[in-house]
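Work through these exercises with the model open beside you. Try each task before you read its solution.

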Amino acid sequence: MAIVITPQQLSGTVTVPPSKSMAHRAIICASLAKGMSTITNIEYSKDIIATISAMKALGTTIIEKQDSLIIDGSTTYTNHQCEIDCFESGSTLRFMIPVSLVHHNNVHFMGAKRLGERPLNGFYDIFDKQGITYSYKNHVLDLDIDGQLSSDIFEIPGDVSSQFISGLLFALPLLEKDSKIIITSPLESKGYIDLTLQMLNQFNIHVINHDYQELIIPGHQEYVSHDYRVEADFSQAAFYLVAGALKNDIVLKDLNLDSRQGDKVVIDFLEKMGGKLIEKENGYQMTCDRLHGIVIDGSQCPDIIPIMAIACCFAQGTTLIENIGRLRIKECDRLKATVEVIHALGGNAKEYEDSMEIIGCSHLKGGAVSSYNDHRMAMMEAIASSRCQRSVVIDNKDCVAKSYPSFWDDFKMLGGTFDEC
């Protein structure tokens with residue numbers, strides 16, 4: 001369903017949706033605990049539904065309430081042959097591959113669209129070393145695995161997705177012997193490893209972290225059931241924080257400024273560009289008189305780069321966003337797509353192999369853009385519309401359901417005006 005947005009200033013108070021990253025982790029940890037856990041503040045995005053379904057496929061008993069889950073992990077691993085549909089969720093896929101192999105299992109992984117193009121070579125190397133049988137098809141997710149993961153020393157480059165490391169961190173504590181993960185190069189997306197370690201600790205799992213170069217995982221541990229409330233998602237808050245820096249009047253509720261989410265760095269980026277985060281009676285608001293260009297290192301926070309690029313469009317001077325080559329293997333090639341969207345809206349940006357350069361301007365014109373079937377691109381385009389001179393047409397509004405199903409309701413509540421077409 002395409003959508004035509006009439007440019008309007010956004011104004012009001014919005015409750016930031018719960019963190020998808022934390023919800024994935026809480027669901028998995030609760031499912032590995034032999035007992036009852038309640039996970040509250042759940043939003044049923046497609047990615048979270050994928051992880052719930054994946055754990056159910058392994059036998060976990062999960063009762064779904066309106067915005068919470070009751071999870072009984074005592075039935076997990078009662079299914080030794082199953083099919084796991086990851087939809088388009090890279091987190092689900094890379095977390096669940098090691099988790100599914102804690103015991104000897106035959107598992108068939110499926111997925112949709114670009115998920116089959118996400119690299120899995122790190123796991124294939126482990127399978128080859130440990131004698132785990134597997135087969136796959138190129139360019140689609142159709143992966144069969146038969147075997148069991150063994151305790152070991154795992155050498156993993158730091159520039160691959162942190163999801164590989166997190167997946168192993170969930171599984172290895174349940175194996176009989178100790179394991180070690182050696183990070184062979186500087187670790188990117190370090191914040192996501194912090195979230196995994198934080199959640200493991202909540203469920204009584206202990207990992208020894210030697211400065212992100214070695215992670216020592218004692219074996220024969222047991223997850224202990226735990227009730228947990230999912231905190232607000234800074235990757236989603238970023239859209240409204242940038243909107244505030246673009247002179248929209250938005251107050252964000254439920255933000256935890258002590259969060260370990262790496263995407264919280266959006267506040268630092270905007271403040272370095274001239275923004276200011278103000279604490280209000282009912283939340284926080286980003287304000288700005290004038291933005292100026294800076295150099296942004298995007299290696300630790302790839303998910304917020306598209307919306308940060310919109311802030312850079314209105315920054316005086318030139319902004320360089322570097323170390324973002326991993327954007328090319330997301331739901332779309334987000335590096336290329338972001339530059340294309342800026343051009344389509346009347347801005348000025350240049351694409352390089354691992355970076356982009358954005359030259360600031362006073363306004364964007366508007367026009368027709370593609371969502372690239374990517375939730376973060378569609379939401380970025382909606383926020384950009386608030387500073388466009390004419391309507392913005394987005395070809396697919398429904399892709400936001402991957403992470404933020406209620407986005408258009410919140411956008412409308414803030415004064416956004418749009419028609420479906």
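A cavity is a set of grid points where a 1.4 Å probe fits but cannot get out. Keep in mind that this is a predicted model.

**Exercise 1. Cavities**

Task: Find how many cavities of 30 Å³ or more there are, and describe the lining of the largest cavity.

Solution:
- Step 1. Count. There are three cavities of 30 Å³ or more.
- Step 2. Take the volume. The largest cavity fills about 410 Å³.
- Step 3. List the lining. It has 33 residues, and S91, Q163, Y192, D303 and K330 lie nearest the centre of the cavity.
- Step 4. Place the lining on the fold. Two or more lining residues come from each of α1 (20-31), α3 (90-100), α5 (162-171), α6 (190-202) and α11 (375-385).
- Step 5. Sort by class. The lining splits into 14 charged, 14 polar and five nonpolar residues.

**Exercise 2. The second largest cavity**

Task: Give the volume of the second largest cavity, then say which residues line it.

Solution:
- Step 1. Its volume is about 70 Å³.
- Step 2. The lining includes P18, S19, K20 and A23, as well as V230 and S403. N41, I42, E43, S45 and I48 also belong to this lining.
- Step 3. By class, five of these lining residues are nonpolar, four are polar and two are charged.

**Exercise 3. Cysteines**

Task: Decide how many disulfides the structure holds. Then check C82 and C399.

Solution:
- Step 1. Set the test. Two cysteine sulfur atoms must lie within 2.5 Å to count as a disulfide.
- Step 2. Give the count. The structure has zero disulfides.
- Step 3. Check C82. The nearest cysteine sulfur belongs to C86 and is 10 Å away, and C82 is in no disulfide. Is C82 buried or exposed? C82 is buried, because its relative accessible area is 12% and the cut-off is under 20%.
- Step 4. Check C399. Its nearest cysteine sulfur is that of C332, 9.4 Å away, and C399 is in no disulfide. C399 is buried too, with a relative accessible area of 9%.

**Exercise 4. Nonpolar cores**

Task: Find which residues have the most contacts inside the largest nonpolar core, and which helix gives the most to this core.

Solution:
- Step 1. Start from the general trend. In soluble globular proteins, nonpolar side chains tend to be buried together.
- Step 2. Size the core. The largest nonpolar core has 76 residues, and M308 and W408 have the most contacts inside it.
- Step 3. Name the helix. Helix α7 (residues 234-245) gives the most to this core, with nine residues.
- Step 4. Follow M308. Leaving aside residues up to four places away in sequence, M308 touches V242, V266, F269, L270, M273 and I296.
- Step 5. Look elsewhere. Another core lies apart from this one; it has 72 residues, among them I84, I145, L187 and L195.

Conventions: Residues numbered from 1 in each chain as written. Predicted model: local features only at pLDDT ≥ 70, side-chain atom pairs only at ≥ 80, totals over all residues. Heavy atoms only, no water. 1 Å grid on protein atoms, 1.4 Å probe; cavity = no way out; pocket = protein on both sides within 12 Å on 5 of 7 lines; lining within 4 Å. Points joined across faces, edges and corners; volume = space filled by probe spheres on them. Helix = DSSP H or I, 4+ residues; strand = E, 2+ residues; numbered from the N terminus. Nonpolar A, V, L, I, M, F, W, Y, C, P; charged D, E, K, R; others polar. Buried < 20%, exposed > 50% of the residue type's maximum accessible area, 1.4 Å probe, protein only. Core = buried A, V, L, I, M, F, W, Y, C linked by side-chain atoms within 4.5 Å. Contact = heavy atoms within 4.5 Å.
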